[in-house]
Amino acid sequence: MTNEINKKRIVSGMRPTGKLHLGHYFGVLKNWVNLQNEFESFFFIADWHALTTKYNQTEDMKQNVEDVLLDWLASGIDPNKSTIYLQSLVPETAQLHIYLSMITPQNWVERDPTLKDLAKIMKDKQENISNLSYGLFGYPVLMSADIMLFNSNYVPVGIDQVAHVELTRDIARRFNNIYNVELFNESQPKLTQIPLLKGLDGNKMGKSFNNDIKISDTAEITEKKFKTAITDRNRMRRDDKGNPDNCEVVFDYWKIFGTDDEINEICKGCKSASIGCADCKKRLIAKMNEYMAPIREKRNELQKQPSLLKDIIYEGSKKARIEAQKTLSEVEKAVKMYK
Ligand code: TRP
Ligand code: SF4
């Protein structure tokens with residue numbers, strides 16, 4: 001038996017924005033699946049974070065939460081190893097957020113690079129910056145609450161989120177100073193090593209770009225989509241020799257799904273024109289579908305058991321609350337609230 005007490009903690013979350021794609025799987029979920037063996041892990045569905053931008057588009061919320069959960073479970077996030085919870089079912093998050101919001105200087109939040117980006121996007125769209133809601137503005141503090149609620153040692157995130165973990169450290173330090181306690185440790189980001197999978201058109205993979213393959217796509221849909229992937233633009237005809245280095249999408253996917261031997265073979269075949277792009281893709285599609293088959297099968301099975309999904313979410317959230325309540329009671333003691 002591993003002793004949970006000796007394990008370091010990690011926390012990470014994802015917004016429920018719909019079905020996840022292969023970029024999520026290879027960039028994030030595979031990493032989490034490995035980490036859950038080594039760390040005491042908390043993975044949560046960040047439904048309150050989704051509301052910061054989608055507060056007026058909530059029709060899909062329930063479905064999106066379920067889809068994210070299905071994708072996680074199918075990918076191997078294991079409720080027996082990790083605590084899987086829904087943010088809004090752990091209301092201590094909001095309570096801690098209140099305490100943190102009191103001690104966080106406004107200009108610390110204003111410095112946040114993602115908020116600056118957002119402000120710029122709104123300006124470009126000629127939207128009034130005052131449409132940036134109070135909740136959205138405060139979302140870096142909410143994220144700090146997510147992390148500090150479990151006094152996490154590490155936060156597995158992408159490079160774009162590192163500034164948030166830095167802010168969390170600053171807030172943690174400030175809390176300890178102001179209330180003269182040593183309650184919060186300094187969480188470190190844990191960057192994922194795996195390169196991002198590109199979308200089928202060569203741009204960043206994303207559902208709004210219509211260039212992604214979902215974890216939940218069928219073999220047929222995967223095939224249909226992948227046939228549209230861009231290839232070496234200089235290889236116009238079947239007899240033209242190609243260069244895999246100019247074929248970022250297809251060849252990058254080969255690097256993920258193929259063995260070293262297969263990758264070498266494709267490389268040679270492409271450069272000598274002994275293999276055509278259609279065949280190259282066909283072989284790759286078969287590899288992808290073979291790889292994804294057990295994950296998709298598991299997803300289909302779980303989807304037929306809505307009450308099991310509900311149990312997993314509620315049980316996980318109950319477990320998370322036990323830890324969250326410990327932190328919150330320490331916080332309230334430190335702040336000297338009337339209890
Ligand atoms: N902000 C993160 C994102 O957009 C999601 C998130 C919210 C998160 N709270 C978190 C990630 C806490 C790690 C830890 O991807
Ligand atoms: Fe790309 Fe394969 Fe065509 Fe070469 S043969 S250009 S690697 S799709």
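Modeller: Let's start with the rule: a residue is near a molecule if one of its heavy atoms lies within 4 Å of it. This is a predicted model, so local features need pLDDT of at least 70 and side-chain atom pairs pLDDT 80 or more, while totals for chains, interfaces and linings use all residues. Residues are numbered from 1 along each chain, chains are lettered from A and ligands numbered from 1 as written, and side-chain values use heavy atoms, without hydrogens and water.

Colleague: Which are the residues around ligand 2?

Modeller: T231, D232, R235, C247, V250, C270, C277 and C280. They divide into 5 nonpolar, 1 polar and 2 charged, with Cys and Val counted as nonpolar, Asp and Arg as charged, and Thr as polar.

Colleague: What makes a space a cavity?

Modeller: On a 1 Å grid over the protein atoms alone, it's a set of points where a 1.4 Å probe fits but cannot get out. There is 1 cavity of 30 Å³ or more, and the largest holds about 120 Å³ of space. C247, V250, C270, C277 and C280 are the closest to its centre among 13 lining residues, where lining means an atom within 4 Å of a point.

Colleague: Where does ligand 2 sit?

Modeller: In the largest cavity; the test is that more than half of its atoms lie within 2 Å of the grid points.

Colleague: Why is helix α8 called mostly covered?

Modeller: Buried means under 20% relative accessible area (1.4 Å probe, protein chains only). In α8 (residues 139-148), 10 of its 10 residues are buried, so the label fits.

Definitions and conventions: 1 Å grid on protein atoms, 1.4 Å probe; cavity = no way out; pocket = protein on both sides within 12 Å on 5 of 7 lines; lining within 4 Å. Points joined across faces, edges and corners; volume = space filled by probe spheres on them. Buried < 20%, exposed > 50% of the residue type's maximum accessible area, 1.4 Å probe, protein only. Helix = DSSP H or I, 4+ residues; strand = E, 2+ residues; numbered from the N terminus.
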